[in-house]
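Visitor: Please take a close look at one part of this model. I would like to know how its aromatic rings are grouped, and then what surrounds the strand you find best enclosed.

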Amino acid sequence: MSAADVTSVAYLVAAVLFILGLKGLARPRTAPRGNQLGASGMLIAILATLLDRSIVDFRVLLAGLVVGSAIGVVLAVRVQMTGMPQLVALFNGFGGGASVLVAGASFLQVVDEGMVDNQLAIAAALTALIGIVTLTGSLVAFAKLQEVLSLSGFRGQRVLRALLAVVALAAAVMVVVSPADTGWFWLLVGAGALLGILGTVAIGGADMPVVIALLNAFSGLAASTAGFVLDNPLLIIAGSLVGASGVILTQIMCTSMNRSLFDVIFGSISADGVVADADDVYGDRVTSTSAEEVAMILEVAERVVIVPGYGLAVAQAQHAVRDLMRTLNDAGTEVVFGIHPVAGRMPGHMNVLLAEAEIDYECLLDMDQVNPTFAQTDVTIVIGANDVVNPLARTDPDSPIAGMPVLNVDDSRTVVVIKRSLGPGFAGIPNPLFAADGTLMLFGDGKKAVLDVVAALLNA
């Protein structure tokens, strides 16, 4: 078997592992195995490519594996679940940046050799535009999620963004028409970089799960077009899989928020609609409670639903919630979790967080599964969630979140909301659930509040 045949077999094995890994990621129980399969496929693909094209020798490969593994271990150990959305944003950006660097270097080399054709020029232009937008957009998303960037736009931003889009498209056309003039390529990269920044900076925190999914799709698309520049079929396959899955996930997230992708990119979740005054919504109708009172209510409950939100992740309360679930289970109470698709700051954030605390996947119910059961639920405990349980989405057609599918927790007999304050969620609007009859507010840190409830149950 020749070296070319070995490389082809390695590429085939890697492609199969990518597909199996993606299939495994569709379910929480099989996600770890799917992740391992995908990572194994990528390792095989990289080794086969570098060895086949004699880019580096075995010593450099070994050094790269050691350094990369060390970085991966440090990230796995040190990055908290609250920082996972930021890490995913960085990964998306690095993928786009790598595509630009690799495809750009190859394109410029071919131009110097006078061997460029239209197919390669088109692929290089697309890679440069999509990849650089992904890189700068992801860096802005990282900064906003890390809360080190509060800028939400400026006057004339939409006009400037439109002009940059026109410049970038014109430069892309000129890269194809006149590839020998590399100045057009650098103009394309520069305009695309600014476009990525301005295209992301105005997007609000409530839309960040959609943005992360979209940037993930962009990173895959950039890798796929880079595959045409490098004439690498495996890169085309891998990029297409990532891009397609990212597009599907983006559509799912938009449907879950009842918002179009156009509104996410060019609008704001609070751009339209009437926002009520918090004093008018809450007044003196909010009922505070204590851990002991919540424990007394839970003692007689037969069914409890726990709804996690980003506040649970910030408080690192997942293990405390697990202890609460087990304490109630020991007393004969059924406990499940209601997971909204956009709870947290990235797709699947709550699922991963609860899985980290070794909570069974069977206990995690998605919105369509749990909503019909709230009417038969004795107590629903909302921890750190806000917009995803706001009944205004159903009842007020003038609300900025009107039509957004939410968890119907207000159908429960009793709702206990654990929050630090009555502060609004990402949408910036008050939640009348907090002042509704049958709702009790347990103010405080999520982790401490849950542990206090567990202690009160054990001491009862």
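Guide: Phe107, Phe185 and Trp186 make up one aromatic cluster. The model is predicted. Two aromatic pairs are counted under the 6.5 Å centre cut-off. Take Phe185 and Trp186. Their ring centres lie 5.5 Å apart and their planes meet at 80°. Planes over 60 degrees apart count as edge-to-face, so Phe185 and Trp186 form an edge-to-face pair. Phe185 is also buried, and its relative accessible area is 3%. The cut-off for buried is under 20%.

Now the strand. β5 covers residues 414-419. Six of its six residues are buried, so β5 is largely enclosed by the rest of the structure. Look at the two faces in turn. One side carries Thr414, Val416 and Ile418, all buried. The other side carries Val415, Val417 and Lys419, again all buried. Both faces of β5 are therefore covered.

Next, the strands that pair with β5. Strand β4, residues 379-383, pairs with β5 in the parallel sense. Five bridges link β4 and β5. In this pairing, Ile381 stands opposite Val416 of β5. Strand β6, residues 439-443, also pairs with β5 in the parallel sense. Here too the pairing runs over five bridges. Lys419 of β5 stands opposite Phe443 in β6. That same Lys419 is one of the buried residues on the side of β5 with Val415 and Val417. Val416, opposite Ile381, belongs to the side with Thr414 and Ile418.

Key:
Residues are numbered from 1 along each chain as its sequence is written. This is a predicted model: local features need pLDDT of at least 70, side-chain atom pairs count only at pLDDT 80 or more; totals for chains, interfaces and linings use all residues. Side-chain values use heavy atoms; hydrogens and water are left out. Rings of Phe, Tyr and Trp (its six-membered ring) pair if their centres lie within 6.5 Å; planes under 30 degrees apart count as stacked, over 60 as edge-to-face and the rest as tilted. Buried means under 20% relative accessible area, exposed over 50%, partly exposed in between (1.4 Å probe, protein chains only). Helices (H or I, at least four residues) and strands (E, at least two) are DSSP runs, numbered from the N terminus. Two strands pair if DSSP finds at least two bridges between them.
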